[in-house]
Amino acid sequence: MIVITAPAGQIGRQVLDNVLDNALDGVLDGGESVRVIARDPSRLSPRVRERVEVVVGSHGDPDVVDAAFTGADSVFWLAPPNPRAERVEDVYVEFSRPACEAFKRRGVRRVVGISALGRGVPGNAGLVSASLAMDDLIAGTGVGYRALTLPSFMDNMLRQVEAIRNQGVFFQPVSGDLKAPTCATRDIAAVAAGLLLDHSWSGQGEVPVLGPEDLSFEDMARIMSEVLGKPVRFQYVPVESFRDTLTRRGMSEAMAQGMADMMAAKDRGLDNAEPRTPQAGTPTTFRQWCEEVLKPAALTPVVD
């Protein structure tokens, strides 16, 4: 039994699709079944609802995870965003406590979790520090654990697609010439699904997912300009302005500060601390992602 959390989210949906595609292709030889935890099952596609067992509710609820993890061998774990949380720790550590108790009580063997790069880097890194504390909590249960340690996602650029479309600009509180890894969520999902379908591993460790290349935001602006066929430029914004923008848009003070602390740490080179190895590389280039994901989104007319 494989249990997948956040199955309608950006990453969880793709993890679920990968697992089900393997099952359809006859790759699975262990007779696995798939169960998901979903607040709103209507957000799942008809194909998914026909092929999986659905436990309705939040995976932060003790009763929900206790039921969902009964008979489970492997779990995909993703702490969902909560932009109005009063504390950053509540989003990662406290949200995960009921699941950790259920991992032990229900004898779950393996957990694959979404986390971040940065272990061993000194200083407060906001959301990253909280995510690493979540990893420690999960590992402390004794379950086999693989934390996918991730840099920033290419897909996050879609949050600024209107500015890219209308103004030819995107903004970040990170130096424009700092080269760093970035990865596509499709590749994160493929790595996660591979681990969920692999029954051979045990113990605890980190799995970096670094994409195929290190790029600066200036590099990204050049690539976007070439792919979109129009000028796109990068604009640096001070981290304080970044934080204030988040609060104006409704994010809690604590979460906005957590985001700001994370981005300040990335500007200091947080994502560059992990050595790049062939095993950590994933296939989707930023140019390919722009062609296949950003370009269709940026060229779609806005309908009032």
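How far apart are the mean positions of the positive and negative charges of the protein? Here there are 32 positive and 40 negative charges, and their mean positions are 2 Å apart. Keep in mind as you read on that this is a predicted model.

Let's start with the whole chain. The protein has eleven helices and twelve strands. Its radius of gyration is 19 Å, close to the 19 Å that the globule rule gives for 304 residues, so the protein is as compact as a globular protein of that length. If you drew a box along the principal axes, the C-alpha atoms would fill roughly 55 × 45 × 40 Å.

What does this look like from the point of view of the residues? Of the 304 residues, 52% count as buried. The surface that the protein does expose comes to about 13,800 Å², and carbon and sulfur atoms supply 49% of that area. Contacts tell us about the fold, too: among those between residues at least 6 apart in sequence, 79% join residues at least 24 apart.

Now let's walk along the chain and stop at a few places. Close to the beginning of the numbering we meet A6, in the loop between β1 (2-4) and α1 (10-24). A6 has a positive phi of about 50 degrees although it is not a glycine. Is A6 buried or exposed? The cut-off for buried is under 20% relative accessible area, so A6, at 18%, counts as buried.

Next, look at the strands β4 and β5. Strands of a sheet pair through backbone hydrogen bonds, either parallel or antiparallel. Strand β4 (residues 74-77) pairs with β5 in the parallel sense, over four bridges. To find one of these places in the structure, look for V75, whose bridge partner in β5 is V111. How many residues of β5 (residues 110-116) are buried? Seven of the seven are, so this strand is largely enclosed by the rest of the structure. Both of its faces are covered: R110, V112, I114 and A116 are buried on one side, and V111, G113 and S115 are buried on the other.

Two helices give us good examples of buried residues and their neighbors. Helix α4 (residues 88-106) holds V91. With a relative accessible area of 5%, V91 is buried. Leaving aside residues up to four places away in sequence, V91 touches A79, P80, N82, A85 and M255. By contrast, V91 and T141 are 50 residues apart in sequence and 19 Å apart in space, counted from C-alpha to C-alpha.

The other helix is α5 (residues 127-139), where you will find S131. Its relative accessibility is 4%, so S131 counts as buried. Which residues does S131 touch, if those up to four places away in sequence are not counted? They are Y92, I114, S115 and A116. You have already met I114, S115 and A116 as buried residues of β5.

Further along there is an open sheet of three strands, in the order β7-β9-β11, with mixed pairing. Its edge strands are β7 (152-153) and β11 (214-215), each of which pairs on one side only. The word "mixed" becomes clear when you follow the pairs. β7 and β9 pair in the parallel sense over two bridges, with F153 standing opposite C183 in β9. Strand β9 (residues 180-183) and β11 run antiparallel, and two bridges join them. A180 has L215 as its bridge partner in β11. Which way do the residues of β9 point? A180 and T182 point one way, P181 and C183 point the other way, and all of them are buried.

Our last stop is L270, in the loop between α10 (253-267) and α11 (286-299). Although L270 lies in a loop, it counts as buried, at 4% relative accessibility. Its contacts, not counting residues up to four places away in sequence, are with L117, G118, V121, V128 and A265. L270 and G229, in turn, are 41 residues apart in sequence and 32 Å apart in space, C-alpha to C-alpha.

Technical notes:
Residues are numbered from 1 along each chain as its sequence is written. This is a predicted model: local features need pLDDT of at least 70, side-chain atom pairs count only at pLDDT 80 or more; totals for chains, interfaces and linings use all residues. Side-chain values use heavy atoms; hydrogens and water are left out. Buried means under 20% relative accessible area, exposed over 50%, partly exposed in between (1.4 Å probe, protein chains only). Contact means heavy atoms within 4.5 Å. The radius of gyration is taken over C-alpha atoms; the globule rule is 2.2 Å times the number of residues to the power 0.38. Accessible areas come from the Shrake-Rupley method with a 1.4 Å probe; for residues, only the protein chains shown count as cover. Lys and Arg count as positive and Asp and Glu as negative; His and the chain ends are not counted. The place of a charge is taken as NZ of Lys, CZ of Arg, CG of Asp or CD of Glu. Two strands pair if DSSP finds at least two bridges between them.
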